Amino acid sequence: MPRYLAALTVVLLIGAVAGRVMLLRRAGTQAMHFGKLDKTDYLIPPVALLYFYTVFGAAFGWPLASHQLFFHSAILAWLGVALCLAGVGILVASLVSFGASFRVGIDVDEPGRLVTTGIFAMSRNPIYVGFFVFLVGQLLVFPNWVPLIYLVAGTALFHRQVLREEEFMRQHYGHVYADYCRHVRRYV
């Protein structure tokens, strides 16, 4: 059962982001700016699709590169499901706090307002925190080398993107963003 629920959280995660992008598009805001500043971002979707296949493959018994598990623990699997749900919850709270300022990628033309309230009063990057918590949860449900590699690589990619976004925000929002940085931590 934990495997099915963990796979469902992948659907919830993708659905939350895609739904928000579509709602913003209907309201006249172009929220997708993925890959516009750095073409290497286009490597992320095929790698993400492989990850999704790995999760669903492990949940539903599809062919995988490896079925070897690091450990077998129902308690850790259920903890993983809880972390996956917490990660999705953090993401949804971030999307709500973002409002119309949500973007996928950096929007240099119309970046929206600087959001410092809601969950952003606790973390400058709650979406990435949510993704990290989600990936840790997935690893506990599917304790295999593939989710472990994705956790390590994902963490590195999240941090890379955070640094890129912070540089843009320092330039765009100036002292207001610098003051925000003094009061709110980068992650937690």
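**Figure 1. The buried residues of helix H3 pack against helix H1 (2–26) and H4.** This close-up, like the others here, comes from a predicted model. The buried residues of H3 include Ala77, Gly80, Val81, Cys84, Gly87 and Val88. Further along H3, the buried residues include Leu91, Ser94, Leu95, Ser97 and Phe98. How far apart are the end C-alpha atoms of helix H3? They are 36 Å apart, which agrees with the 36 Å that its 25 residues (74–98) should span at 1.5 Å a residue. After H3 comes Gly99, with a positive phi near 60 degrees.

**Figure 2. Leu24 of helix H1 touches Gly99, the residue that follows H3.** Is Leu24 buried or exposed? With a relative accessibility of 4%, Leu24 counts as buried. Leaving out residues up to four places away in sequence, Leu24 touches Thr29, Ala31, Gly99, Ala100 and Phe102. If you look for Phe34 as well, its C-alpha is 15 Å from that of Leu24, and the two residues are 10 apart in sequence.

**Figure 3. Tyr53 and Trp62 make a tilted aromatic pair, one of 12 aromatic pairs found in the whole structure.** The ring centres of Tyr53 and Trp62 are 5.4 Å apart, with 35 degrees between the planes. Tyr53 counts as partly exposed at 34% relative accessibility, and Trp62 is likewise partly exposed at 36%. Both rings belong to one aromatic cluster, together with Tyr4, Phe56 and Phe60.

**Figure 4. Phe131 and Phe158 form a stacked aromatic pair.** Here the centres are 5.8 Å apart and the planes are 25 degrees from each other. Which helices does this pair tie together? Phe131 lies in helix H4 (residues 126–141) and Phe158 in helix H5 (residues 145–173), so the pair ties together parts that are 27 residues apart in sequence. Phe158 counts as buried, with 16% relative accessibility.

**Figure 5. Glu165 in helix H5 is buried without a salt bridge.** The nearest side chain of opposite charge belongs to Arg164, 7.6 Å away; a salt bridge would need a side-chain nitrogen of Lys or Arg within 4 Å of a carboxyl oxygen. What joins the side chain of Glu165 to that of Tyr128? The answer is a polar contact of 2.7 Å. Setting aside neighbours within four places in sequence, Glu165 is in contact with Ile106 and Asn125 as well as Tyr128.

**Figure 6. Glu166 and Arg124 form a buried salt bridge.** The closest N and O atoms of Glu166 and Arg124 are 2.8 Å apart. Glu166 lies in helix H5 and Arg124 in the loop between H3 and H4, so their salt bridge ties together parts that are 42 residues apart in sequence. Both residues are buried. Arg186 joins them in a network of salt bridges.

**Figure 7. Two salt bridges lie within helices, one in H5 and another in H6.** How many salt bridges does a search of the whole structure find? It finds 5. In helix H5, Arg170 pairs with Glu167, with the closest N and O atoms 3.5 Å apart. Arg170 and Glu167 are 3 residues apart, so about one helical turn separates them. Arg170 is partly exposed at 42%, and Glu167 is partly exposed at 37%. In helix H6 (residues 175–183), Asp179 pairs with Arg182, again with the closest N and O atoms 3.5 Å apart. Asp179 is partly exposed at 35%, whereas Arg182 counts as exposed at 61%.

Notes:
Residues are numbered from 1 along each chain as its sequence is written. This is a predicted model: local features need pLDDT of at least 70, side-chain atom pairs count only at pLDDT 80 or more; totals for chains, interfaces and linings use all residues. Side-chain values use heavy atoms; hydrogens and water are left out. Rings of Phe, Tyr and Trp (its six-membered ring) pair if their centres lie within 6.5 Å; planes under 30 degrees apart count as stacked, over 60 as edge-to-face and the rest as tilted. Buried means under 20% relative accessible area, exposed over 50%, partly exposed in between (1.4 Å probe, protein chains only). Helices (H or I, at least four residues) and strands (E, at least two) are DSSP runs, numbered from the N terminus. Lys and Arg count as positive and Asp and Glu as negative; His and the chain ends are not counted. A polar contact is a pair of N or O atoms within 3.5 Å; within protein, one must be able to donate a hydrogen and the other to accept it, and residues adjacent in sequence count only if both atoms are side-chain atoms. Contact means heavy atoms within 4.5 Å. The expected span of a helix is 1.5 Å times one less than its number of residues.
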